[in-house]
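Okay, thanks for coming, everyone. I'll put the sequence and the model up on the screen, and then we'll walk through it together.

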Amino acid sequence: MHPAMKDWPVRRYRGDEPVSRLVQGGTPPNFASGVLLWEEVIMSKPISIIMGSQSDFEVLNETITLLKEFKAGFEVIVLSAHRTPRELVRYVESAPRRKVKVFIAAAGGAAALAGVIAAHTSLPVIGIPVETKSLKGLDSLLSTVQMPAGIPVACMTIGKAGARNAAIFALEILGVEDKKIHAQLSAYKKKMAVKIKKIKIRC
Ligand code: AIR
């Protein structure tokens, strides 16, 4: 288990029950079942983060850390387009009832995850191609980005940069309606520019 996961309240998800009714706590996660869920903010969770495997957590932690910095509400779940296809669809279909407004999906290899989510919702879907050992994430990139016309996925950069950008992009989507988030993002970008301007290179 990734060390950062220890801080999270673990909730089991069986695929067909409302997420809000899940029981908090319990036994350590059993990833063999393929489905697990964490919640950051119980009241409002406009962002849903789905990862294809526990092994994607290190990458997704970048997204989670940034969303925590912005104090944005989100839920995180492990669901695979191939290993738990039914649970994935049930989860995606139930998300609007919990006021989810945007999905972030990270998967590696034959990464069908973001595409399958997009096939089952009209909410925006942001895909993060996770780097792989065999093909360095090119496989994940192509399978996330090459969607057929009519079913878009906003595909980010491969790996951790993509994971950070996914958080920012999700906030930008929410920021269209939410002035507070919009202002936070403007401040974030200004801070980044100031940091860059301060860099001095001595030759
Ligand atoms: N994956 C899981 N189900 C379908 C796919 N494409 C991806 C995961 C992970 C990779 O397969 O998102 O990036 C390897 O998963 P694991 O569980 O074998 O480590």
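Let's start with a quick one: which residues in helix α4, residues 138-145, are buried? They are S140, L141, S143 and T144. And what do those buried residues pack against? That would be β5, α3 (113-119), β6 and β7 (154-155).

I should say right away that this is a predicted model, so please keep that in mind as we go.

Okay, zooming out. The protein chain has six helices and seven strands. If you walk along from the N terminus, the order is β-β-β-α-β-α-β-α-β-α-β-α-α. There are 203 residues in the protein chain, and 38% of them are buried. Now take contacts between residues at least 6 apart in sequence: 67% of those join residues at least 24 apart.

Next, have a look at β3, residues 47-51. Five of its five residues are buried. I47, I49 and M51 point one way, S48 and I50 point the other way, and both sets are buried. β3 runs parallel to strand β4, residues 74-78, and five bridges join the two. If you want one pair to find on the screen, M51 has V78 in β4 as its bridge partner.

Now helix α5, which covers residues 160-175. That's 16 residues, reaching 22 Å from the first C-alpha to the last, close to the 22 Å expected at 1.5 Å a residue. Its buried residues are G162, A163, A166, A167, A170, L171 and L174. Look at how those numbers are spaced, and remember the usual helix rule: an α-helix has 3.6 residues a turn, so residues three or four places apart point the same way. What covers the buried residues of α5? The cover includes β3 again, along with α1 (57-69), β5 (102-108), β6 (125-130) and α6 (179-197).

On to the core. The largest nonpolar core has 48 residues, and A105 and I117 touch the most other members. Leaving aside neighbours within four places in sequence, I117 is in contact with I50, V92, F103, A105 and V125. You'll remember I50 from β3, where it points the same way as S48.

Last stop, the ligand. There are 14 residues around it, and the closest are G52, S53, S55, S80 and G108. By type, that shell splits into five nonpolar, seven polar and two charged residues.

That's my tour, so over to you.

Key:
Residues are numbered from 1 along each chain as its sequence is written. This is a predicted model: local features need pLDDT of at least 70, side-chain atom pairs count only at pLDDT 80 or more; totals for chains, interfaces and linings use all residues. A residue is near a molecule or strand if its C-beta atom, placed from the backbone, lies within 6 Å of it. Ala, Val, Leu, Ile, Met, Phe, Trp, Tyr, Cys and Pro count as nonpolar, Asp, Glu, Lys and Arg as charged, and the others, Gly among them, as polar. A nonpolar core is a set of buried Ala, Val, Leu, Ile, Met, Phe, Trp, Tyr and Cys residues joined through C-beta atoms within 7 Å. A residue is buried if 20 or more other C-beta atoms lie within 10 Å of its own, exposed if 12 or fewer, and partly exposed in between; C-beta atoms are placed from the backbone. Two residues are in contact if their C-beta atoms, placed from the backbone, lie within 7 Å. Helices (H or I, at least four residues) and strands (E, at least two) are DSSP runs, numbered from the N terminus. The expected span of a helix is 1.5 Å times one less than its number of residues. Two strands pair if DSSP finds at least two bridges between them.
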